[in-house]
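Biologist: I am new to reading protein models, and I would like to go through one slowly, feature by feature. Could we look at it together?

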Amino acid sequence: MEAFACDLDRTLLPETLVLGQRTRSAIHAARAAGIHVVIVTGRMFQSARPYALELGIDDPVVCYQGAVVAEPASGRFLRHIPIPLELARETIAAVEAEGFHLNCYVDDQLYVAEETPESERYARFQNLVVHPVGDLLAWLQEPPTKLVAVDEPEKLDRLEANMKQRFAGRLYISKSLPYFLELAAPGVTKGSGLAFVAERLGFTAEETVAFGDGENDVELLEWAGYAIAVANAHPRTQAAADLVAPSVDEEGVAQVIESLLDSGA
């Protein structure tokens, strides 16, 4: 075992969104044993970076569903695969025609046409500043890293089906949480982002243990040699897992790391 790859939100305690002490200790123990710890998240880099720095993690962070890999200390992007500009504009027009607002990410900043209850909820969830720009299509002049629609789960289910039919093979489309529908460049997944880090640091899929629970974690778990879903994971994610761990409330990721370190696996 050479690496643990953890979906960031599976290590944060619900409601408070802070790292539990048991999780901190388990990650520190893994790093002390010479094991890479890679944060893999759909979050923006500016949202994920403080947690990596708090934990003393110097391995690259995979963020934006894998579209970006960046160094926590320097902030330097090692990989960036944005949505091509014309494809992004087509996507924005299609989503807005369905009656949804979009979050648009450029240069690690969050832009919206106008502030809405949905954008405010998203910003609070990730402790972000929202930049309203008016007409998003008219404003956008460079390829965005990703786009996100925020709404009620049932509404996003319908939007997801429509967008997958329209953009099949041209966009990566997946829910990160029930009320967040993520749209990124084709080929962008958490799995491809982690593969980039693995090649850079010199570990293999077979030497990697990955943790996740969302639909957007499926490719991550499929890539890793040993895949772990936490309790209440999406059915597709559970199907891709070798083990279902205790819930986030019980710091299930920490429990598994402790067990693997104790076993010397």
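Biologist: Which residues in H3 meet which residues in H6?

Modeller: Please keep in mind that this is a predicted model. In H3 the residues are Glu90, Ala94 and Val95, and they meet Leu159, Met163 and Arg166 in H6. Sorted by class, the residues of this contact of H3 with H6 comprise four nonpolar, no polar and two charged ones.

Biologist: How should I describe the way two such helices are arranged?

Modeller: Two packed helices are described by the angle between their axes together with the distance between those axes. For helix H3 (residues 85–97) and helix H6 (residues 153–166), the axes come within 11 Å and cross at roughly 140°, and the crossing is right-handed.

Biologist: Is the crossing of H1 and H10 left-handed or right-handed?

Modeller: The crossing of H1 and H10 is left-handed. The axes of helix H1 (residues 21–32) and helix H10 (residues 252–263) come within 9 Å, with a crossing angle of roughly 35°. On the H1 side the contact is made by Arg22, Thr23, Ala26, Ile27, Ala29 and Ala30, while H10 contributes Ala254, Gln255, Ile257, Glu258 and Leu261. By class, seven residues of this contact are nonpolar, two are polar and two are charged.

Biologist: What should I look for when I turn from helices to the interior?

Modeller: In soluble globular proteins, nonpolar side chains tend to be buried together. Here the largest nonpolar core has 49 residues, and those with the most contacts inside it are Phe4, Tyr122, Phe211 and Ile257. If we leave aside its neighbours within four places in sequence, Ile257 is in contact with Phe4, Ala26, Ile27, Ala30 and Phe211. Another core, of 24 residues, lies apart from the largest one, and its members include Leu85, Phe100, Ala149 and Met163.

Biologist: How many disulfides are there, and how would I decide?

Modeller: The two cysteine sulfur atoms of a disulfide have to lie within 2.5 Å, and by this rule the count comes to zero disulfides. Cys6 is in no disulfide, since the nearest cysteine sulfur, that of Cys63, is 15 Å away. Cys6 counts as buried because its relative accessible area is 4%, which is under the 20% cut-off. Cys63 is buried as well, with a relative accessible area of 0%.

Biologist: What can I learn from the backbone angle phi?

Modeller: Most residues other than glycine have a negative phi, so a positive value in another residue is worth looking up. Asp108 has a phi near 60°, a positive value, although this residue is not a glycine. Asp108 is found in the loop between strand S6 (102–106) and strand S7 (109–112), and Asp108 counts as buried because its relative accessibility is 11%. Glu251, which is not a glycine either, has a positive phi of about 50°.

Biologist: Where does Glu251 lie, and is Glu251 buried or exposed?

Modeller: Glu251 lies in the loop between strand S14 (243–245) and H10, and at 15% relative accessibility Glu251 counts as buried.

Biologist: Which residues does Ser47 touch, if I do not count those up to four places away in sequence?

Modeller: With those set aside, Ser47 touches Gln126 and Leu128. Ser47 is found in helix H2 (residues 45–55), and Ser47 is buried, with a relative accessible area of 4%.

Methods
Residues numbered from 1 in each chain as written. Predicted model: local features only at pLDDT ≥ 70, side-chain atom pairs only at ≥ 80, totals over all residues. Heavy atoms only, no water. Axes fitted to C-alpha atoms, helices over the stretch in contact; angles between N-to-C directions. Helix = DSSP H or I, 4+ residues; strand = E, 2+ residues; numbered from the N terminus. Left-handed = near helix turned anticlockwise from the far one by under 90°. Contact = heavy atoms within 4.5 Å. Nonpolar A, V, L, I, M, F, W, Y, C, P; charged D, E, K, R; others polar. Buried < 20%, exposed > 50% of the residue type's maximum accessible area, 1.4 Å probe, protein only. Core = buried A, V, L, I, M, F, W, Y, C linked by side-chain atoms within 4.5 Å.
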